[in-house]
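Trainee: I have a structure to go through and many terms to learn. Could you show me how each label is earned?

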Amino acid sequence: MADLLNVEARDTTGTLRMKRLRKSGKIPAVLYGHGEECVSLTLAKKEIDRVVGHGGHIVELKGAVSEGALIKEVQWDAFGSSILHVDLTRIDATEKVEVTLPVELKGDAPGTKNGGVVSHLLHELTIVCPADKVVDMLTLKINDLELDQSLTAANVELPVGAELAGEATDVIVTCNAPTAAAGEADDDGEAPSEPEVIGEKKEESGDE
Amino acid sequence: MAQMPKRVKHRKVQRGHIKGNASRGNKVVFGDFGLQSLDTGWLKAQTIEAGRIAAQQYIRGEGKLYIRVFPHRSITSTPLETRMGKGKGEPEYWVATIRPGTILYELSGVTEQQAKICFARLAHKMPFKVRMVKRRLM
């Protein structure tokens, strides 16, 4: 399901001009791919925030350019709160694209009733999928996850025609009993007061 | 027990200046929620440990806490009632250098409400302004 993005052509470049552009509520973007020319674009901040907010990957561009595109990369500021720049790549509806999608856990694991803790180890999966079938999020049902069991990438529901780009044996979620001293330092009380200095010569006891 | 490096190249380092925002370690990677610093400063190893204890007392084995910073830097001081001079003091404690945007702790396996309460308790221990952030989708 493609989101609609209104785009304007951009002929300005440079840090200062882009800062001014962002202040006016617009985001610089670039469109490339399929061996065609690279085009500099401007997006409305509100529109791209909405698309990225729900995890949309496929967009339909309208305005200066009218074609389908995949959001290849989003650049964020240091606080991860506002978008600085967006990379878009041209796609056809039938074309297979490689996308990294977040994995969402659904349901309640029965293992938690027996004292287990669900650990979500892998939060993203890369799949190769027809462009028109790309979803916002992959789901993994954990309704059958018992204590001391794990679910792998093979258990994830993939869109029609999609396949995993990575290993199917990658563990995504586990349910294990909590360890008593999880994360706590279990020292013997003989921890050195100072670290060892690399390359420091130790005093030699034996002399000739 | 407070953390410190096992091996170092130099026991003492110059004070330096902390410039700019965090360009690494500024994204929630392991958990679902993170505690992000909004200021620059040094975070003592004892403070990191105090934060860990405060968080783990609240989550009580329900979720998982990740500590994203490590005290790599030694801070020296001259003992009390010592005359000036005679060289640089001895390493006293260890700190992590924090830039605005650095993720300090992460939590997984808890609800948003639980994470909010947990990070609020943890924020009291921190020597600078912090805020809770969620994992980004893209």
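Mentor: We take the labels one by one and set each value against its rule.

Mentor: This is a predicted model, where local features need pLDDT of at least 70, side-chain atom pairs count only at pLDDT 80 or more, and totals for chains, interfaces and linings use all residues. Residues are numbered from 1 along each chain as its sequence is written, chains are lettered from A and ligands numbered from 1 in the order in which they are written, and side-chain values use heavy atoms, with hydrogens and water left out.

Trainee: Why is F30(B) with Y66(B) called stacked?

Mentor: Rings of Phe, Tyr and Trp (its six-membered ring) pair if their centres lie within 6.5 Å; planes under 30 degrees apart count as stacked, over 60 as edge-to-face, the rest as tilted. The centres of F30(B) and Y66(B) are 5.5 Å apart and the planes are at 20 degrees, so this pair is stacked. The count over all chains is one aromatic pair.

Trainee: What makes Y66(B) buried or exposed?

Mentor: Buried means under 20% relative accessible area, exposed over 50%, partly exposed in between (1.4 Å probe, protein chains only). Y66(B) has 16%, so it is buried. F30(B) has 41%, so it is partly exposed.

Trainee: What is notable about the phi of K86(B)?

Mentor: Most residues other than glycine have a negative phi. K86(B) is not a glycine, yet its phi is positive, about 65 degrees. K86(B) has 84% relative accessibility, so it counts as exposed. H34(A) also has a positive phi, about 60 degrees, and is not a glycine. With a relative accessible area of 40%, H34(A) is partly exposed.

Trainee: How do you know that K44(B) lies over the face of Y93(B)?

Mentor: The rule asks for NZ of Lys or CZ of Arg within 6 Å of the ring centre and within 35 degrees of the ring normal. K44(B) lies over the face of Y93(B), at 4.6 Å from the ring centre.

Trainee: What makes R7(B) and E196(A) a salt bridge?

Mentor: A salt bridge needs a side-chain nitrogen of Lys or Arg within 4 Å of a carboxyl oxygen of Asp or Glu. R7(B) and E196(A) meet at 3.7 Å, N to O. The count between chain A and chain B is two salt bridges.

Trainee: How many residues of each chain are in contact?

Mentor: Contact means heavy atoms within 4.5 Å. By that rule, 34 residues of chain A touch 33 residues of chain B.
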